[in-house]
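Biologist: I am new to this structure and would love a close look at a single part. Could you pick one helix, walk me along it, and then show me what lies around it?

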Amino acid sequence: MPDLLKRIGAPVLFGLLALLAVVTMVSDRRSLAEGGRDLPWWQAIMLEIAVPVQDVVTAPVDGIREMWADYVALREVRAENTRLHARLAELAEANLQYREALVASGHLQQVAAMRDDFEIPMLPAEVVGLDVMPWFRSVLVDRGKAHGVQAGNPVITAEGVVGLVTATSRHAAKTMLLLDRQSAIDGIVQRSRARGIVRGRGTDQLAFEFVVRGGDVKVGDIVITSGLGGVYPKGLRIGEVEHLLDPAGGLRQTASLRPAVDYGRLEQIFVMMRRGPTMDLLYDSEARAESVESGRAPGRPAS
Amino acid sequence: MKRVSALLGLGVAALVVQGAFATLVPPPACPDLALLVLVGIGLRWESLAGGLLLAVFLGYATDLLSGSLLGQHALLDLFAFAGTGIAARQLNLRGSWPLAFFAAGVVFVYGLLMLAITGFFVGGAELRLGWLGSQLVHALVSGACAPSVSALVGRVSGWADDDPGHRSLGLDAVRRPA
């Protein structure tokens, strides 16, 4: 009997551990579909360890890289300054003309309302580590629950959309980039208002799937967030159409997008401190369910 | 116990260093240090049950630092560990070249299985030529690092060995083929 146990012990343990892994995968897939999760302490420990260590390891290299970038930038700054002055004058002129046109058509109030929509508190954060595996696209940032970051918060840079916070610990947050295969957001072409879904492909490119009937899409078009889906606010830059993958195809086509954000040089990002309505709905329903169980008033999850 | 803790520490350290390293070099050129540590452990571990627990722990740690689903690396690490254990009994992996080729193969197959699991749970994970190319580069870079990482695992394992007899004799714990 002990011999039999010894013989089957390891295969049985293997089966049990494999089953456990599959169960956690299914449960994690579900929580990811709901916008992410705040990690329990025993899982958060890994992120808490990783952030300071990765910060120390990357700091010297970042310093050297920054010095080199400064040197190169300094060499080009004079020519660029002249160019920018000319461009500024052009834009000021164009801006004046647009303002005049807007006032004339009575749209200025709408523009002011739109600006209010974008006045969302932002938290600057540093990227301290990239995904440890080449098959996934996520980054680790040095701000977490202690700073008010919650799973489901959108992350952006000045260039455009970066991704979405999917897991948080006290002082760190894992952010899934738009490039990840698991990422999909609603986008529109700025010029023609053609709508579609922007999907990550696990590479440095994005795929824009759209229906031809909704409007035309050309190389060079800028794709922005549509605001539908309730995760990202409207008007954030996603990328530029680089080429149409099947121009002679059917009703549903795919274009390849060059992302607006240079993910290879991602250093400082901004976490939008307000979740979209979809995320709030998901979290509020969770909070409501919890409050029903515990008999307290529903509210947003603690930050 | 000391040995288990030391090897766990080494695995977690490999993960953290790998994450930092990924900010400096393109992803395919970044060796899969954590998997190489696991292969190194698989070559030396006597008790399959204890090794499986170690593998699943390292897998979950990888999942936490990666964009994968929780359990994805844990599942594949189980297979990688068991596969390495079986291969170490059947093949002679004591030299640098055999070990490098074996590790490169493990990393390549691991990537394919990862893609398959991602496709199954998430979708949109079709096999492209470009992806295969970058996966091959990743496997070769990892394979090139395998002998050094395995030697490091051997040193840590020897240093933390609970059996003083092994330490004093300075035994190389890599299993010989049956």
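Modeller: Let's take α5(B) and begin with its length. At 1.5 Å a residue, the 26 residues of this helix should span 38 Å, and the end C-alpha atoms of α5(B) lie 37 Å apart, so the two values agree. Please keep in mind that this is a predicted model. Just after α5(B) comes G123(B), with a positive phi of about 90 degrees.

Now look at what α5(B) helps to build. The largest nonpolar core has 113 residues, and α5(B) gives the most to this core, with 11 residues. V37(B), L38(B) and A103(B) are the residues with the most contacts inside the core. In soluble globular proteins, nonpolar side chains tend to be buried together.

L38(B) is a good place to pause. Leaving aside residues up to four places away in sequence, L38(B) touches G11(B), A55(B), L58(B), D77(B), A80(B) and F81(B). Some of these partners lead us to a pair of helices: A55(B) and L58(B) are among the residues of α3(B) that meet α4(B), and D77(B) and F81(B) are among those on the α4(B) side.

How do these two helices lie against each other? The axes of α3(B), residues 48–64, and α4(B), residues 72–90, come within 7 Å and cross at roughly 145 degrees. The crossing of α3(B) past α4(B) is right-handed. Sorted by class, their contact has 11 nonpolar, 6 polar and 2 charged residues.

From here we can step out to the neighbouring chain. In all, 42 residues of chain B are in contact with 39 residues of chain A. Our helix takes part: α5 (96–121) is one of the elements of chain B that give two or more residues to the side touching chain A, along with α1 (2–21), α3, α4 and α6 (129–159). The largest share of that side, 7 residues, comes from α3(B). By class, the side of chain B that touches chain A has 28 nonpolar and 14 polar residues, with no charged ones.

One last stop, over in chain A, makes a nice companion to G123(B). R193(A) is not a glycine, yet R193(A) has a positive phi of about 65 degrees. Most residues other than glycine have a negative phi. You will find R193(A) in the loop between β7 (184–189) and β8 (195–200) of chain A. Is R193(A) buried or exposed? R193(A) counts as exposed, because there are 10 C-beta neighbours inside 10 Å.

Technical notes
Residues numbered from 1 in each chain as written. Chains lettered and ligands numbered in written order. Predicted model: local features only at pLDDT ≥ 70, side-chain atom pairs only at ≥ 80, totals over all residues. Axes fitted to C-alpha atoms, helices over the stretch in contact; angles between N-to-C directions. Helix = DSSP H or I, 4+ residues; strand = E, 2+ residues; numbered from the N terminus. Left-handed = near helix turned anticlockwise from the far one by under 90°. Contact = placed C-beta atoms within 7 Å. Nonpolar A, V, L, I, M, F, W, Y, C, P; charged D, E, K, R; others polar. Buried ≥ 20, exposed ≤ 12 C-beta atoms within 10 Å, placed from the backbone. Core = buried A, V, L, I, M, F, W, Y, C linked by C-beta atoms within 7 Å. Expected span 1.5 Å × (residues − 1).
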